[in-house]
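Here's a quick tour for anyone meeting this structure for the first time. Take a look at it, then read on.

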Amino acid sequence: MRYAGLIVMPAGFFLSIAAILLFPAPSAAARAAFVVCGLGVEALGLVVAFRGHMEARSAVHANGEDR
Amino acid sequence: MTSPTPVLSDAACGVCLGLLILAPLAIAGVALINTGLGRSRSAAQALLGNLAIVAVTSIVFALVGATFSGAIGGAGHSFQLAGKPWNWLGAGPFFLGGLSAAPLQPQLALLFEFLAVAFAALIPWGSGADRWRLTAGCAAAAVLAAVVFPLLAHWVWDGGWLAQLGVNFSAGSGFVDPGGAATIHILGGLSALTVIWIAGPRKGKFPKEGLSTALPGHNAVYVLFGCLVALVGWLAFNVAGAILWIHAPFSTLPSTALGTLLSASGALAATFTVTRIRFGKPDASLCANGWLAGLVASSGCAALITPVQALAVGIVAGVATPLLVELFELAVSIDDPSGAISVHAAGGILGLVAAGIFAGQPGQLLAQLVGIATLLGVVLPLVYLLFWLLNRMTPFRVDQDGERIGMDLHELGGGAYPEFVIHRDDSYR
C-alpha cells in the first residue's frame with residue numbers, strides 16, 4: 001500500500017504542471033484550482049502511504065515482534 | 001566553470017562570504033540537537049555520524065553534485081514543452097574545474113550549496129537515531145549529495161525550471177526559496193520520513209499493547225544549547241541567501257535577520273504555551289522543536305516579508321509543531337526521535353506558503369504551491385526509491401544485538417560516557 005501511495009504522488013505533480021501549461025496567466029482561478037487539486041492528489045497519496053506504514057506495523061506485531 | 005554576469009558588488013560579496021563562514025553554526029546546532037535527542041548509549045555514534053555526513057556530502061558534491069547543480073546563467077540541459085524551455089539539469093564542469101577563475105558570485109553560490117547539502121543530509125540522521133547504521137547513513141548522504149540535492153538546487157537556485165516559472169508562465173517571480181526551506185529543510189524532512197519508513201521504529205517504541213513508549217532524549221542541555229547555536233547559523237544562512245538568491249539590497253538585510261529572530265521567538269512562545277496547556281508544564285524538547293520550526297519557516301519567508309508577519313508565521317509554526325509531533329507518533333506510528341518531519345518538512349512548507357501569501361506579487365503563491373507539489377510529487381518518491389535500493393545493498397537498520405547494547409559499543413567499540421551507568425532497555429518500560 002505504501003508503494004501505491006508513492007506512485008499516486010507523481011500524478012498530483014503532473015496535474016500541477018498541467019495547470020500552468022494549459023491555463024494562460026489571466027485565468028488565475030482555474031490555474032490555482034488545478035494546482036490545489038494536484039496537491040490534493042499528493043495528500044491522498046501520502047495518506048495511503050501512511051496507511052501502508054501502519055499496516056506494516058500491525059504485521060510486525062502479528063509476528064510477535066515488539067517494536 | 002561557466003559563470004553568469006556578476007550582479008553583486010564586491011561589498012555584497014564580502015558580506016556574503018563573512019556570513020557563509022558563520023553558517024556552519026546552524027549545522028553544529030542541529031548536530032547537537034540530534035545527539036541530545038538520542039539515547040546516551042548512542043551519543044558518540046550520533047555525533048560522529050553528523051561529522052561523517054558533512055565530510056561525505058562535501059566530497060561527493062565536489063566530485064559529482066556540483067556538476068549537476070550548475071550555476072545561474074551557466075550551461076544546462078533543457079527541453080521544449082508548450083513552446084517554453086524547461087531547464088532541468090545543470091551541466092557544469094566536473095571536479096570543480098575552473099572554479100578559481102570564476103567570478104566571486106558563483107563561487108559564493110557554490111559555497112552556499114556545499115553548506116546546504118551537508119545541512120540537508122544531516123536532518124534524516126537525527127530521525128534514524130539509535131538504529132541507523134553509520135555506513136548506511138553515509139551512503140544515504142552520498143546519494144542525496146550526488147543526485148537529489150543537485151537536481152533540486154538547480155531547479156530552485158541555479159536558473160532551473162522552478163526559478164523560471166515567473167519568466168515563462170507569469171507566476172510571480174518564479175519559485176523563491178532564499179534561505180533553503182525547500183532545498184535544505186523539506187528535502188531533509190522528506191528524507192527523514194523515508195528513513196523512518198524503511199528502518200522502522202526503535203525496539204520497544206511501539207509495544208504490542210498499549211500506547212507508544214516515551215524514549216526521552218538523553219541530554220536536554222545539548223538540545224537547548226544547540227538551539228542557540230543554530231540561531232547564529234540560521235541568521236547567516238537567511239541573510240546570505242537573501243543576498244545571493246534574490247539580490248536583496250543592504251537596506252533590507254536587518255529586516256531579514258529580525259524576521260528570523262522573531263519567527264523563532266514566536267514559535268518558542270507558542271510551543272511553550274501549547275505544551276503548558278496540554279501537559280501542565282512546558283516540555284523542553286518540544287520547545288526546542290518549536291524554536292527550530294520557527295527558524296525553518298523563516299528560511300522560506302524572512303527575506304520576503306515584514307518582521308511582524310514573520311512573527312505571525314512563527315506563532316503558527318509553534319502551535320502546529322507539538323501537535324504534529326504527537327499526531328505522527330500516536331496516530332500513524334512514526335518513530336521520529338528528532339521530530340524532523342514536523343520541524344523541517346512541515347515548517348518548510350509553512351514558510352514557503354507564507355512567502356507566497358505575504359509577498360504581495362500576483363501569481364507568487366501559485367509558484368510556491370507548484371514548488372511544494374514538486375517536492376511532494378517528485379522528490380519524495382525519488383528519495384524513497386533511491387533509499388529503498390540502497391537499503392538492499394547496505395541495510396539501514398542495525399541488528400538486534402546492536403540495538404540492545406547501543407550504537408556506540410556496537411559500531412565504535414566504546415561509549416560516549418564511559419564513566420556513567422548506561423540504562424538498559426528495561427529501564428524505560
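**A quick briefing**

Just after H3(B), B:Gly70 has a positive phi of about 70°. This is a predicted model, where local features need pLDDT of at least 70, side-chain atom pairs count only at pLDDT 80 or more, and totals for chains, interfaces and linings use all residues. Residues are numbered from 1 along each chain as its sequence is written, while chains are lettered from A and ligands numbered from 1 in the order in which they are written.

**Helix H3 of chain B**
- H3(B) covers residues 43–69 (helices are DSSP runs of H or I, at least four residues, numbered from the N terminus).
- Its 27 residues put the end C-alpha atoms only 34 Å apart, short of the 39 Å of a straight helix (1.5 Å times one less than the number of residues).
- H3(B) also has a kink of about 60°, centred on B:Phe61 (the angle between axes fitted to the seven residues ending there and the seven starting there).

**Chain A on its own**
- Chain A has 2 helices and 0 strands (strands being DSSP runs of E, at least two residues).
- Its radius of gyration, taken over C-alpha atoms, is 17 Å, well over the 11 Å that the globule rule (2.2 Å times the number of residues to the power 0.38) gives for 67 residues, so chain A is more spread out than a compact globule.
- Along the principal axes, its C-alpha atoms fill a box of roughly 60 × 15 × 10 Å.

**Where A meets B**
- 24 residues of chain A are in contact with 30 of chain B (C-beta atoms, placed from the backbone, within 7 Å).
- The largest share of chain A's side, 12 residues, comes from H2(A).

Key. Two residues are in contact if their C-beta atoms, placed from the backbone, lie within 7 Å.
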